[in-house]
Every structure is written in C-alpha cells, then in structure tokens.
Amino acid sequence: AIPSKVNQFDKLTTLALYNNNLGQLPDISGIESHLDSLYVDINPISTLFPAISHLTRLKQLGVAKTTVSEAEIREIEKLIPQCQILTQ
C-alpha cells in the first residue's frame, strides 16, 4: 500500500509507483493539482478510473506491464489529450 501521507506533498510533480503490486491506483487527490507525471508500470492494475479523471494536468503516464485495457487507454487519451501514455 502507498502511505496516505503522499497526499501531504501537494507540490509533487512526479509520482513513480513502479512494481509495487498495486491492484488499484491509491487516493492521490491531495497532489493532483501539480502532478504532471505518473508511472504505475509493472503493477497488476486493471483500471485507473476514477482517480485518473482528476489528473487533468498529466503530461506523461506510464502503464507498461499493467492490465489496463486498450479501450481504457483510448478513453484516457480523450480525457487528457496532452498526456503521452507510455505502454512499453
């Protein structure tokens, strides 16, 4: 689990959660205003919703080696068009 204290870093711009055996995106509502890079690679995450819908400032999202579907990736691309989604 990711400690809830991560939300105290309200100026955080990059969050890398590589290889943490996360099944879902943790609550990161406290840092969403400045976050521009999020990496959840190498986790058994199958969906990033609803948390991702609040991360409208994202410029880069890493989802390599997750189970996030192609359909969801296309939804994220529509929701956050400026975000580069890294799948490899």
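## A buried asparagine

Asn 43 has a relative accessibility of just 3%, so this residue counts as buried. We're looking at a predicted model here. As for its place in the fold, Asn 43 sits in the loop that runs between E2 and strand E3 (60–62).

What does Asn 43 touch, once neighbours within four places in sequence are set aside? One stretch of partners is Leu 17, Tyr 18, Asn 19, Asn 20, Asn 21 and Leu 22, and the others are Lys 65, Thr 66 and Thr 67. With Leu 22 there's a polar detail too: a polar atom of the Asn 43 side chain lies 2.9 Å from the backbone nitrogen of Leu 22. Glu 32 is another matter: 11 residues separate Glu 32 and Asn 43 along the chain, and their C-alpha atoms are 20 Å apart.

## The tyrosine pair

Tyr 18, one of the contacts of Asn 43, also takes part in an aromatic pair. The count for the model comes to 1 such pair. Its members are Tyr 18 and Tyr 39, and because their ring planes meet at 15°, under the 30 degrees cut-off, the pair is stacked. The ring centres are 5.9 Å apart.

Where do the two rings come from? Tyr 18 belongs to the loop between strand E1 (14–16) and strand E2 (37–39), while Tyr 39 is in strand E2 itself. They're 21 residues apart, so the pair links distant parts of the chain.

## Buried or exposed?

The two tyrosines part ways on accessibility. Tyr 39 comes in at 12% relative accessibility and counts as buried, whereas Tyr 18 has a relative accessible area of 43% and is partly exposed.

Notes. Residues are numbered from 1 along each chain as its sequence is written. This is a predicted model: local features need pLDDT of at least 70, side-chain atom pairs count only at pLDDT 80 or more; totals for chains, interfaces and linings use all residues. Side-chain values use heavy atoms; hydrogens and water are left out. Rings of Phe, Tyr and Trp (its six-membered ring) pair if their centres lie within 6.5 Å; planes under 30 degrees apart count as stacked, over 60 as edge-to-face and the rest as tilted. Helices (H or I, at least four residues) and strands (E, at least two) are DSSP runs, numbered from the N terminus. Buried means under 20% relative accessible area, exposed over 50%, partly exposed in between (1.4 Å probe, protein chains only). Contact means heavy atoms within 4.5 Å. A polar contact is a pair of N or O atoms within 3.5 Å; within protein, one must be able to donate a hydrogen and the other to accept it, and residues adjacent in sequence count only if both atoms are side-chain atoms.
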